[in-house]
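Student: Could you take me through one part of this protein up close? I'd love to hear about the aromatic rings and whatever sits around them.

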Amino acid sequence: MKLLAYLAVPVVLAGCTASPSTTTAPAAGSGISPPATAPDSVTGTITYRNRMALPPTAVVRVVLQDVALQDVAATVIDSVTIRPNGRQVPFGFVLHYDAARIAPGSVYTVQARITDGGRLLYLHDEAYPVVTDNHPKRVELVLRPVH
């Protein structure tokens, strides 16, 4: 039964669409595994553990941000919006950054959330540091349901 489920995931995910907030071409949401990490990008997957299907109108938002400064809003480096259109997790993503603008002593994290009609459904409850200080450029985000 598990084998059948694993074989069905790529077919289910094949129709996902994504649109980054920047003007670059869509880069995510088309499969389980995003492309290999490019030199100036962070890749990963988003999933959650409970067995609830997302509503067909759900929206997944993934953000790469600089969180080094406390008491001020994080600076968004890149973001991607995935519109699953009824598809289910896991969702792959790619976030791009300009390596020349990355400060070695700064702290960068990836944040994700799933909403439906403005209502928050899923959120992460741990930090996912990336890029600097020997942190990875590939992350697997596990979101938790919001009650």
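**A close look at the aromatic pair**

Tutor: Sure, let's start with the overall layout. The protein has one helix and nine strands. Keep in mind that this is a predicted model. If you read along the sequence, the pattern goes α-β-β-β-β-β-β-β-β-β. Out of the 147 residues in the protein, 39% are buried. Now think about contacts between residues at least 6 apart in sequence: 65% of these join residues at least 24 apart.

Now for the rings. Searching the whole structure turns up one aromatic pair. The partners are Tyr48 and Tyr122, and their rings are stacked, with 4.0 Å from centre to centre and 15° between the planes. Why "stacked"? Planes under 30 degrees apart get that label, and here the angle is 15°.

Next, look at where the two partners sit. Tyr48 belongs to strand β2 (residues 41–48), while Tyr122 belongs to strand β7 (residues 119–123), so the pair ties together parts that are 74 residues apart in sequence.

Are these two tyrosines buried or exposed? Buried means under 20% relative accessible area. Tyr48 has 6% relative accessibility, so this residue counts as buried. Tyr122 also comes out at 6%, so Tyr122 counts as buried too.

Let's follow each strand a bit further, beginning with the one that carries Tyr48. Strand β2 runs antiparallel to β5, and six bridges join the two. To find a spot where they face each other, go to Val42, which stands opposite Leu95 in β5. Strand β5 itself covers residues 91–96 and is mostly covered, with five of its six residues buried.

On the other side of the pair, Tyr122 takes us to a pocket. Tyr122 is one of the residues lining the second largest pocket, and others in that lining include Asn50, Met52, Arg119, Pro145 and His147. Strand β7 gives the largest share of this lining, namely four residues. By type, the lining residues split into nine nonpolar, two polar and one charged. The space in this pocket is about 150 Å³.

So what should you keep in your head as you turn the model around? Find Tyr48 and Tyr122 with their stacked rings. From Tyr48, go along β2 and across to β5, its antiparallel partner. From Tyr122, look into the second largest pocket, where this tyrosine is part of the lining.

Definitions and conventions:
Residues numbered from 1 in each chain as written. Predicted model: local features only at pLDDT ≥ 70, side-chain atom pairs only at ≥ 80, totals over all residues. Heavy atoms only, no water. Phe/Tyr/Trp six-rings, centres within 6.5 Å; stacked < 30°, edge-to-face > 60°. Buried < 20%, exposed > 50% of the residue type's maximum accessible area, 1.4 Å probe, protein only. Pairing = 2+ DSSP bridges. 1 Å grid on protein atoms, 1.4 Å probe; cavity = no way out; pocket = protein on both sides within 12 Å on 5 of 7 lines; lining within 4 Å. Points joined across faces, edges and corners; volume = space filled by probe spheres on them. Nonpolar A, V, L, I, M, F, W, Y, C, P; charged D, E, K, R; others polar. Contact = heavy atoms within 4.5 Å.
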